[in-house]
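Got your viewer open? Let's take a walk through this one together, picking a few spots to select along the way.

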Amino acid sequence: MKKSHFGKGFRAQLPLQMMVLPGIIFMIVFCYVPIYGIVIAFKSYSVTDTIASAPWVGLENFRIAFSDRFFWESVVNTLAISFLKLLIGFTAPIILSILIFELKNGWFKKIVQTVSYLPHFLSWIVVGGMLLSWLSTTGIINELLVGFGILDQPRNFMIEANSYWLIAVLSDVWKEAGWGTIIYLATMSGIDPTYYEAAKMDGATKLQQIFHITLPLMKFIISLMFILAVGGLLGSNLDQTLVLINPLNASHAEVINSYVYKVGLAQGDFSYATAVGLAVSVVSLILVLVTNKFTKKMNDNKSVF
């Protein structure tokens with residue numbers, strides 16, 4: 001009976017099913033079939049071998065990775081940058097979306113939204129060029145800092161390793177915070193306005209309305225975005241790193257993704273790079289599961305996934 005009902009439903013939706021079919025084929029070919037390549041992490045693979053013919057080496061690639069000083073340096077940089085991005089970059093879109101939502105002037109609200117979205121559409125090549133210009137000794141940042149007496153003389157921040165983490169985090173927040181407000185603004189637009197009207201009648205201030213109405217009703221989507229953000233802790237922005245890294249700041253700029261990119265493509269050690277990538281993927285999966293378990297308690301034991 002159930003099979004018959006399924007068959008009728010499938011035939012009735014056949015045009016829609018055919019529309020979905022190319023997406024399913026694409027996902028199978030480019031997402032699931034390449035999973036077989038994971039076995040390279042346990043082999044000594046070179047371009048002259050096939051995946052099947054490459055000799056097995058077991059966990060040797062993992063042992064080499066975990067004993068590599070440069071690998072652990074990239075892990076430290078990745079965690080430091082990602083945690084700062086999580087701390088600042090995760091909260092910035094929430095705060096910005098609330099500020100935009102509270103604007104009453106319609107045309108000014110649209111201008112603020114548009115201006116905040118624009119940096120997202122700039123490539124990191126363009127943003128990197130802007131940062132190199134702004135942060136150079138003759139750039140606008142140094143002119144302002146020297147002009148206000150904060151610095152005695154100009155500094156080239158892009159060649160200072162100790163400044164890189166802050167530059168990477170703030171530039172990423174500037175570029176993506178506005179774009180990140182879209183999903184929060186969509187959620188807030190669905191909140192029943194009678195909640196706010198009732199709160200006003202009870203004498204609630206604007207901050208009280210935000211903390212007792214807006215944020216509680218956004219907790220599910222905030223939890224979802226938090227889980228996704230934690231899952232990407234070990235996946236720092238490769239485009240940003242490749243644009244901003246240089247020999248003088250590399251000790252603080254090299255992240256896992258750029259390290260894998262250099263080892264796998266530049267040096268041709270595909271097995272080693274695959275092993276590192278696999279280890280990162282496993283840790284990221286564990287972080288997602290743990291975070292989902294944690295946020296489940298915040299949502300009345302309802303799992304986000």
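**First stop: two helices in a row**

Select α4 and α5: their axes come within 5 Å and cross at roughly 15°. Angles under 35 degrees count as roughly parallel, so α4 and α5 are roughly parallel to each other. Before going further, keep in mind that you're looking at a predicted model. To see where the two helices touch, show Leu 86, Leu 87, Ile 88 and Gly 89 in α4, which meet Thr 91, Ala 92 and Pro 93 in α5.

Now stay with α5, residues 91–102. How far apart are its end C-alpha atoms? They are 17 Å apart, and that agrees with the 16 Å that its 12 residues should span at 1.5 Å a residue. Next, color the buried residues of α5: Ala 92, Pro 93, Ile 94, Ser 97, Ile 98, Ile 100 and Glu 102. What do they pack against? Turn on α4, α6 (106–117), α9 (161–189), α11 (206–217) and α12 (219–231), and you have the partners of those buried residues.

**Second stop: a buried asparagine**

Go back to α4, which runs over residues 69–89, and pick out Asn 77. Is Asn 77 buried or exposed? Its relative accessibility is 2%, so Asn 77 counts as buried. Draw a distance from its side chain to the backbone oxygen of Ser 251, and you should get 3.0 Å. Then show what else surrounds Asn 77: leaving aside neighbours within four places in sequence, its contacts are Trp 165, Ala 250, Ser 251, His 252, Ala 253, Glu 254 and Val 255.

**Third stop: α9 and its partners**

Select α9 together with α12. Their axes come within 10 Å and cross at roughly 165°. That makes α9 roughly antiparallel to α12. The way α9 passes α12 is a right-handed crossing. For the touching side chains and backbone, display Ile 183, Tyr 184 and Thr 187 in α9, which meet Ile 221, Ile 222 and Met 225 in α12.

Hide α12 and bring up α7, residues 124–134. Here the axes of α7 and α9 come within 12 Å, with a crossing of roughly 130°. α7 and α9 are therefore oblique to each other. This crossing is right-handed too, as α7 passes α9. Which residues make the contact? From α7 it's Trp 124, Val 127, Met 130 and Leu 131, and from α9 it's Ser 171, Asp 172, Trp 174 and Lys 175.

Zoom in on Lys 175, still in α9. With a relative accessible area of 5%, Lys 175 is buried. Setting aside neighbours within four places in sequence, Lys 175 is in contact with Pro 119, His 120, Leu 122, Ser 123, Trp 124 and Val 127.

**Last stop: Ser 258**

Finally, jump to α15, residues 256–266, and select Ser 258. Its relative accessible area is 0%, so Ser 258 is buried. Which residues does Ser 258 contact, leaving aside its neighbours within four places in sequence? Show Leu 238, Thr 241 and Leu 242 to see them. One more distance to draw: from the C-alpha of Ser 258 to the C-alpha of Val 39. The pair is 219 residues apart in sequence and 22 Å apart in space.

Conventions: Residues numbered from 1 in each chain as written. Predicted model: local features only at pLDDT ≥ 70, side-chain atom pairs only at ≥ 80, totals over all residues. Heavy atoms only, no water. Helix = DSSP H or I, 4+ residues; strand = E, 2+ residues; numbered from the N terminus. Buried < 20%, exposed > 50% of the residue type's maximum accessible area, 1.4 Å probe, protein only. Polar contact = N/O pair within 3.5 Å; in protein donor to acceptor, adjacent residues only side chain to side chain. Contact = heavy atoms within 4.5 Å. Expected span 1.5 Å × (residues − 1). Axes fitted to C-alpha atoms, helices over the stretch in contact; angles between N-to-C directions. Parallel < 35°, antiparallel > 145°, perpendicular 65-115°, else oblique. Left-handed = near helix turned anticlockwise from the far one by under 90°.
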